[in-house]
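Work through the exercises below with the sequence and the coordinates open. Each task is followed by a solution in steps.

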Amino acid sequence: MLQRTLAIVKPDGVKNGVAGQVIARIEKEGFRIVAMRLHHLSRAEAEGFYAVHKERPFFGGLVAFMTSGPVVVMCLERDNAIAAWREIMGATDPAKAAPGTIRKLYATDIEKNVSHGSDAPETAAVEIGYFFSGLELVG
């Protein structure tokens, strides 16, 4: 089933110069990038995007991290894109991530874990719409 998901190379990935390697992996894994942008999130944008976590103790740190530098936001498309991208990213905690996954290869800890991916079709639709208008999506 053809599906779309949001992918983000987080500030640590951009700062550490691995965004290109992540994008190359995305293409190697058969995803089509239908939208992509380098963007520096404002505090309000990060708070809005992660609003679901507002009551969690890590919210403030997450917002500070996500606004600490530019990110690469992408809309990816392929069969079963959400599950496929999550598998390729690996576990949130890089210490628990499978060998060869993005987070195992490039992340430093559970907070600075290089990448984000939508977790469900409904979430993907909201997240893609948060960053891209319909006119920006190619195809």
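## Exercise 1: a salt bridge within a short stretch

E29 is partly exposed, its relative accessible area being 28%. The model is a predicted one.

Task: find which residue forms a salt bridge with E29, and give the distance between the closest N and O atoms.

Solution.
- Step 1. The partner of E29 is R25.
- Step 2. The closest N and O atoms of R25 and E29 are 2.9 Å apart. A salt bridge requires a distance within 4 Å, so the pair qualifies.
- Step 3. With a relative accessible area of 28%, E29 falls between the cut-offs of 20% for buried and 50% for exposed.

## Exercise 2: salt bridges between distant parts

Task: state how many salt bridges the structure holds, then describe the one that R37 forms with E136 and the one that joins R4 to E77.

Solution.
- Step 1. The total is five salt bridges.
- Step 2. In the pair of E136 and R37, the closest N and O atoms are 2.6 Å apart.
- Step 3. R37 belongs to strand 2 (residues 32–39) and E136 to the segment after helix 7 (121–131), so the salt bridge ties together parts 99 residues apart in sequence.
- Step 4. Both ends are partly exposed: E136 has a relative accessible area of 35%, and R37 has 23%.
- Step 5. R4 and E77 meet through their side chains at 2.9 Å, N to O. This pair also links distant parts of the chain, with R4 in strand 1 (residues 2–9) and E77 in strand 3 (residues 71–79), 73 residues apart.
- Step 6. E77 is buried, at 11% relative accessibility, whereas R4 is partly exposed at 23%.
- Step 7. R4 and E77 are also part of a network of salt bridges that includes R32.

## Exercise 3: the nonpolar cores

Task: determine how many residues the largest nonpolar core has and which element gives the most to it.

Solution.
- Step 1. The largest nonpolar core has 22 residues. Those with the most contacts inside it are L6, I8, M66, C75, F131, F132 and L137.
- Step 2. At least two residues of this core come from each of strand 1, strand 2, helix 3 (43–49), helix 4 (59–66), strand 3 and helix 7.
- Step 3. Helix 4 gives the most, with five residues.
- Step 4. Take M66 as an example. Beyond its neighbours within four places in sequence, M66 is in contact with I8, K10, P11, L41, A46, Y50 and V71.
- Step 5. Another core, of 19 residues, lies apart from the largest one; L76, A81, I88 and I102 are among its members.
- Step 6. As background, nonpolar side chains tend to be buried together in soluble globular proteins.

## Exercise 4: the whole chain

Task: give the order of the elements from the N terminus on, and decide from the radius of gyration how compact the protein is.

Solution.
- Step 1. The protein contains seven helices and four strands, in the order β-α-α-β-α-α-β-α-α-β-α.
- Step 2. The radius of gyration is 14 Å, close to the 14 Å given by the globule rule for 139 residues, so the protein is as compact as a globular protein of that length.
- Step 3. Along the principal axes, the C-alpha atoms fill a box of roughly 35 × 35 × 25 Å.
- Step 4. Of the 139 residues, 45% are buried.
- Step 5. Among contacts with a separation of 6 or more, 75% are between residues 24 or more positions apart.
- Step 6. The accessible surface is about 7,200 Å², and 56% of it belongs to carbon and sulfur atoms.

How values were computed:
Residues are numbered from 1 along each chain as its sequence is written. This is a predicted model: local features need pLDDT of at least 70, side-chain atom pairs count only at pLDDT 80 or more; totals for chains, interfaces and linings use all residues. Side-chain values use heavy atoms; hydrogens and water are left out. Buried means under 20% relative accessible area, exposed over 50%, partly exposed in between (1.4 Å probe, protein chains only). A nonpolar core is a set of buried Ala, Val, Leu, Ile, Met, Phe, Trp, Tyr and Cys residues joined through side-chain atoms within 4.5 Å. Contact means heavy atoms within 4.5 Å. The radius of gyration is taken over C-alpha atoms; the globule rule is 2.2 Å times the number of residues to the power 0.38. Accessible areas come from the Shrake-Rupley method with a 1.4 Å probe; for residues, only the protein chains shown count as cover.
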